[in-house]
Amino acid sequence: MQWKMLLNGAVGAASLVISFSSSAYDVTTFDPNAFFTTGGAPLPGEVDALDAAAGITGFDIERFEDLTLEPGLTIEASGAAPTSVLPGGSLISEPEATWDGTLSLSALMDLVPNQPIVIRHSPGVDAISIGISGFDHSHELVVNGQNLGAVDSFPNYQPSPGDNGRSIYIRVDREAGDPVITEMAFLPDPQLANPNGDFVRIDHLATGLLPPVPSLSAPLLLVLVALLSLVAALRLRHQTH
Ligand SMILES: [Ca+2]
Ligand SMILES: [Ca+2]
Ligand SMILES: [Ca+2]
């Protein structure tokens, strides 16, 4: 596992942003306390600061303020079938659990043994990020079938006993050559003995495509076309004189 560390200014204070490569996907984590200063509902500007720090400004963001998911998204949890429209009552108003607005997704989010939370995107994205709250057991993050480790072992994880406290904001990027990200899953802690599971909340689910890396061939092709056009023009001029 390779670790990269950089300092990032946010909300007037320096926060430690840590990213690491695990398997083929890059994981970057953010400490919620660096952005949400009161522990309660987000204050004006705090979500924008998180977006800027996480590099998700302009991404498609599911805010879980209504029951309809953003295009391309489905969620499967608590043994229910995957859905793009959440059941009524899925959203809850818990200020300290929200990462934007006033609501977060809760009712489907009981991490019961053998019932993972699976978020899918079709046709897939380069990056996906999510705010999770109330993760107080050792649940594992799996992206495109690759286990990236237990969330409570990640840098910037904040223990939040109970259901609501913000635990961590996580961004996952694919690396060049990796398949696009179509699935992010949280597997329940295999040691979780409580049959009632662990109540958790999720919010501020961002998905995005990144600008393509310019290839050398594109500018070279343009130069070649320009040269050929110049040659053709010169020949035409020569023939007409
Ligand atoms: Ca929300
Ligand atoms: Ca929505
Ligand atoms: Ca919990």
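Pro113 counts as partly exposed, because 17 C-beta neighbours lie inside 10 Å, and a residue needs 20 or more to be buried. The model discussed here is predicted. Pro113 sits in the loop between strand S8 (110-111) and S9. Leaving aside neighbours within four places in sequence, the contacts of Pro113 are Pro188, Leu192 and Gly197.

Leu111, in strand S8, falls in the other class: this residue is buried, with 22 other C-beta atoms within 10 Å. Not counting residues up to four places away in sequence, Leu111 touches Ile117, His139, Phe186, Pro188, Gly197, Asp198 and Val200. Pro188 and Gly197 thus appear in the contacts of Leu111 and in those of Pro113.

Each of these two residues also has a C-alpha separation on record to a residue far along the chain, as tabulated here.

| Pair | Separation in sequence | C-alpha to C-alpha distance |
|---|---|---|
| Pro113 and Ser78 | 35 residues | 9.3 Å |
| Leu111 and Arg201 | 90 residues | 10.0 Å |

**Confidence and overall make-up**

The protein chain has an average pLDDT of 85, and 81% of the residues score at least 70. Over residues 1-15 the pLDDT is below 50, although this stretch has 30 contacts in the model beyond near neighbours in sequence. Where pLDDT is low, the predicted coordinates should not be read in detail.

Two helices and 16 strands are found in the protein chain. Of its 241 residues, 35% are buried. Among contacts between residues at least 6 apart in sequence, 70% join residues at least 24 apart.

**The five-stranded sheet**

Five strands form an open sheet in the order S5-S9-S14-S11-S12, and their pairing is antiparallel. Strand S5 (73-76) and strand S12 (146-150) stand at the edges; each has a single partner strand, so one side of each is left without a neighbour in the sheet. On average, neighbouring strands of this sheet are turned by 15 degrees against each other, direction ignored.

Within the sheet, strand S9 (residues 117-125) pairs with strand S14 (residues 181-187) in the antiparallel sense, over five bridges. Ile117 stands opposite Phe186 in S14. Both Ile117 and Phe186 are also touched by Leu111, which ties strand S8, where Leu111 lies, to this pair of strands by contact.

**Helix H1 and the nonpolar core**

Helix H1 (residues 46-54) has Glu46, Val47, Ala49, Leu50, Ala53 and Ala54 buried. Seen down the axis of H1, these buried residues fall within an arc of 160 degrees, so they line one face of the helix. Gly55 follows H1 and has a positive phi, near 70 degrees.

In the largest nonpolar core there are 45 residues, and those with the most contacts inside the core are Leu50, Ile128, Val143, Ile170 and Val172. H1 supplies the largest share of this core, five residues. Leu50 therefore has two roles in this description: a buried residue of H1, and one of the residues with the most contacts inside the core. Leaving out residues up to four places away in sequence, Leu50 touches Phe30, Phe35 and Tyr169. In soluble globular proteins, nonpolar side chains tend to be buried together.

Notes: Residues numbered from 1 in each chain as written. Chains lettered and ligands numbered in written order. Predicted model: local features only at pLDDT ≥ 70, side-chain atom pairs only at ≥ 80, totals over all residues. pLDDT = per-residue confidence, 0-100. Contact = placed C-beta atoms within 7 Å. Pairing = 2+ DSSP bridges. Helix = DSSP H or I, 4+ residues; strand = E, 2+ residues; numbered from the N terminus. Axes fitted to C-alpha atoms, helices over the stretch in contact; angles between N-to-C directions. Buried ≥ 20, exposed ≤ 12 C-beta atoms within 10 Å, placed from the backbone. Arc of directions from axis to C-beta. Core = buried A, V, L, I, M, F, W, Y, C linked by C-beta atoms within 7 Å.
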